[in-house]
Every structure is written in structure tokens, then in C-alpha cells.
Amino acid sequence: MRSLLLLATLALALAGCEKKSAPTETPPTGQAGDTQAAGTQAGTPAQAPVGSDAQAAAPDSKGAILIGEVGSLTGSEATFGVSARNGIELALNEANAAGGVRGRPLAVRVYDSQGRPEEGAQAATRLITQDRVVAILGEAASSVSMAMAEKAQVGKVPMITPTSTSAEVTKKGDYIFRVCFIDEFQGLVMAKFARENLKLSKVAVLTDNKSAFSIGLAEVFTAKFQEFGGTIVGNESYSKGDTDFRAQLTALKQVKPEAVFVPGYYTDVGIIARQAREVGLKVPLLGGDGWDSDKLFELGGSALEGSYFSNHYSPGNPDPVLQSFLARYKEKYGSVPDSVAALSYDAARVLVEALKRAPDTSGPALRDAIAATKDFPGVAGRITLDANRDAVKEAVVLKVAGGKAEFVTTVKP
């Protein structure tokens, strides 16, 4: 799963969030140079964290342990970046309230990828070479994560993506991790659900040909749906940023599918749903975790009713660990966390626990500690990292009904 390079230092112990952009300083909110202390409103002046202005704290020094974060805080998928920032902030606030790591506070420096791979790569390079962070959290979108992963691997700085599901992300090297399932599993889940639960035999596919996430998920879904005895009756594509999908949808209507699999992001899916109904394509849409945003329902409205998508968790799950997280998140941010927020919270907590277990904060030591994560009690499900540094965990299928996503079923690995 997720454009000006925004720099925000969120000091979660002593200080806050310095918003800068490179090369010009034009943050989307507040004034250039504003800082944000943990728990305060954006734009509230605060001191910078230990080691933040001159030089990042070196491994095992006395200052704050500096962590990097990259997310799409502006651009078409901005809700992903904001959700990730909230989840990470909450996790690190809680860790600092519990004493930090070995008596040292945790601080995070945040850059905006704008949802663009080149911006993500530049941000990762800056975090590694200038800020000297011990690890990087992010990104949400697989295409951006792959660009960042190349830099993290060369720099031997561990990177954990919360929600990038393309199998190619962790193939970039042994310093790259994820706390979400991969597209191979997600594609299997939706293909199996379409055949066994919905009893569909003919499905069409509409893919974003500029998104590694969308392409990978479409390939797996197609292969598995056919393996289960179904038929793919049509294939069409679009490019991120398109606003008119009527030609593709009209072509798909002509092949009479029983559903259309649209493994894109909510920004496109909502519009696609409306235009599908406009051209008379009334069948359900199916998708993946890229749909997960409240904005989906604003964009798609009633056109999405009866559609289904796979996701990483459901707020309706009665698990006490999850329900406790939901209560704390809603109290702080005033909303129900989406899967990006939940998985970003989990990614930050996995990193914190690894920092506690590692003999020092050097890249190799921290890499080994993260790789040893087993049966971690995440709010979006228990996490065990396999030999490929991918999370082995369950998925859920949600149905759009009454303008919201309702839990349907859980699918285990």
C-alpha cells in the first residue's frame, strides 16, 4: 500500500515536530520552522529534541534514540501518511511514558514522500546519511517502499514497512521488514472468497498499471481465481491520476462479469465505483487493503454498496488488545484507526521491542533483533516474521454496507 519533502521532527520525550521541506520550506499546515511537542496541537512552539538540530544522536550515545519515518503526508494518498504518523506517534509516546529504551527517550524525524518513489528515496537517503537514524518506519505504498528499501539496504539501516504488501519490497535485502501480509496471501484470500463465499465464476480485473501494489495483487488474484476454477473474462488498466475510467468500464461491461476486481487505492476506487454505475456496470467490486480509508465512502458513496475488500484488521474484532488500542487511539485522535494506523502502531512497537533486545543500536544488531520477532501481540493480529522478513498473520474480508465496512470473515495463513 502509499509530494514537497516535509520534514517534521516529533520529539516524543523532550520535544516536538519541526516542519521543514527541501529545498523550500512550505509545510501544508502551520509555519515553516514550527515544532510540535507530543500531545500538543500542530504549530505549538516547543524545544527541539536532543541531537535533532545539529546532529542526530550516534548509536549508544546518551541522547534520544532517533528513528526515521517516511509517509505520504500530502498528495493523493495523504490519509495513509497521516494515519501512519498517528499510529507511530501513539506507540512511541507510550514507550517513552514507560521509560523509553534503556533510559533513553525515543524521537522520530518525519519526511513527506508525497506518495512518490523519488521523494521516498531522497527522504531515506537523508535520514541515513544526515540524520543518522537507527531505523526507518514506512512507507505505506509498495512502489515508494521499494525505492526507499534500496537506500536502507545499502546503508545497513533496518526498515519496517507497516502496509506495503508487494512481495518485491522485502526482496530488496535482509534489512527490510514488514508487519503486514503480502499480496500473494491477500490475492489468495480474495480469489478464494470470490469463488467459495460469493460463488462467482466470471470476474474482470481493472489494474493501476503504475502501481506495484495493484499489479502484484492483480496477478496473484488472477492466477488463484483461475486455479480455483473461475474465469477472468476481461482485463483493463488505468494510470494513477486518471479521472475518467468510463472507457475501461464500458469495455468490461460488454464481457458481462459477475464482479470486477479493482486492486487500487481508495482515491481511484471511489471514482471508479461511481463511474461504473454511470455506465450501467452494476456488479460488485472487489479489492484489497488499498481501499481502507474513510475517504473511500466519501468518494464512492452508495455506488460501493455490496462491494468487498480484504484488510489487515477489523475494529469489530472483540480481541481485548485491539479494543484497548482503539480506545486509546480514539481518545487521542478522535477517530477510529484504519488499518494503516493499526499496522504503523504495530511496526513501531516491533521496533521498540527489538531495540530493547538488541545488544546495541547498530544496524546489524538491530536487524538481527527485528528478524527474531515471533508471536508478537500486535493490535492487527499476532506477528511472526518468516525467513523472508514477511509477517505471517491472518487477513479479514470486509463488506461495504450502509456507508461503512462491516466484518465478514477471517482467513488464516
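The following paragraphs lead through the structure, from the chain as a whole to its sheets, cores and single residues. The model is a predicted one.

The chain has 413 residues, and 58% of them count as buried. Its secondary structure comprises 11 helices and 17 strands. The accessible surface amounts to about 15300 Å², with 51% of this area belonging to carbon and sulfur atoms.

A suitable place to begin is an open sheet of seven strands, which follow one another in the order 9-8-10-11-12-16-17 with mixed pairing. Strand 9 and strand 17 (404-411) lie at the edges of this sheet; each has a single partner strand, so one side of each is left without a neighbour in the sheet. On average, neighbouring strands here are turned by 25 degrees against each other, direction ignored. Within the sheet, strand 8 (residues 202-208) pairs with strand 10 (residues 259-261) in the parallel sense, over three bridges. One position can be located by its partner: Val 205 has Phe 261 of strand 10 as its bridge partner.

Two helices lie across this part of the sheet. Helix 5 (residues 212-227) crosses strand 8, strand 9, strand 10 and strand 11 (285-287), and runs at about 165 degrees to strand 8. Helix 6 (residues 246-254) lies across strand 8, strand 9 and strand 10, at about 170 degrees to strand 9.

Strand 9 (residues 231-238) contains Gly 234. Is this residue buried or exposed? Gly 234 has a relative accessible area of 10%, and because buried means under 20%, Gly 234 counts as buried. Beyond its neighbours within four places in sequence, Gly 234 is in contact with Val 203, Ala 204, Val 205, Leu 252 and Val 255. Pro 257 is 23 residues away from Gly 234 in sequence, while their C-alpha atoms are 7.8 Å apart in space.

The interior can be followed next. The largest nonpolar core has 76 residues, and those with the most contacts inside it are Ile 136, Phe 221, Val 260 and Leu 286. Helix 4 (residues 183-197) gives the most to this core, with six residues. Val 260, leaving aside its neighbours within four places in sequence, has contacts that include Val 203, Ala 204, Leu 252 and Leu 286. A second, separate core has 45 residues, among them Val 134, Leu 326, Val 350 and Ala 358.

Elsewhere in the chain, strand 3 (residues 65-71) and strand 4 run parallel and are joined by seven bridges. Gly 68 stands opposite Arg 109 in strand 4. Together with helix 1 (residues 78-97), strand 3 and strand 4 make a right-handed β-α-β unit. Why is strand 4 (residues 106-112) described as largely enclosed by the rest of the structure? Seven of its seven residues are buried, so the description applies to strand 4. Both of its faces are covered, with Leu 106, Val 108, Val 110 and Asp 112 on one side and Ala 107, Arg 109 and Tyr 111 on the other.

A further open sheet is formed by three strands in the order 13-14-15, with antiparallel pairing. Strand 13 (376-378) and strand 15 (391-392) are at its edges; each has a single partner strand, so one side of each is left without a neighbour in the sheet. Three bridges pair strand 13 with strand 14 (residues 381-385) in the antiparallel sense, and Pro 377 has Arg 382 of strand 14 as its bridge partner. Helix 10 (residues 339-357) packs on this sheet, touching strand 13 and strand 14, and its direction makes about 150 degrees with that of strand 13.

Conventions:
Residues are numbered from 1 along each chain as its sequence is written. This is a predicted model: local features need pLDDT of at least 70, side-chain atom pairs count only at pLDDT 80 or more; totals for chains, interfaces and linings use all residues. Side-chain values use heavy atoms; hydrogens and water are left out. Helices (H or I, at least four residues) and strands (E, at least two) are DSSP runs, numbered from the N terminus. Buried means under 20% relative accessible area, exposed over 50%, partly exposed in between (1.4 Å probe, protein chains only). Contact means heavy atoms within 4.5 Å. Accessible areas come from the Shrake-Rupley method with a 1.4 Å probe; for residues, only the protein chains shown count as cover. Two strands pair if DSSP finds at least two bridges between them. Axes are lines fitted to C-alpha atoms, for helices over the stretch in contact, and angles run from 0 to 180 degrees between N-to-C directions. A nonpolar core is a set of buried Ala, Val, Leu, Ile, Met, Phe, Trp, Tyr and Cys residues joined through side-chain atoms within 4.5 Å. A crossover is right-handed if, with the strands pointing away from the viewer, the path from the first strand over the helix to the second runs clockwise.
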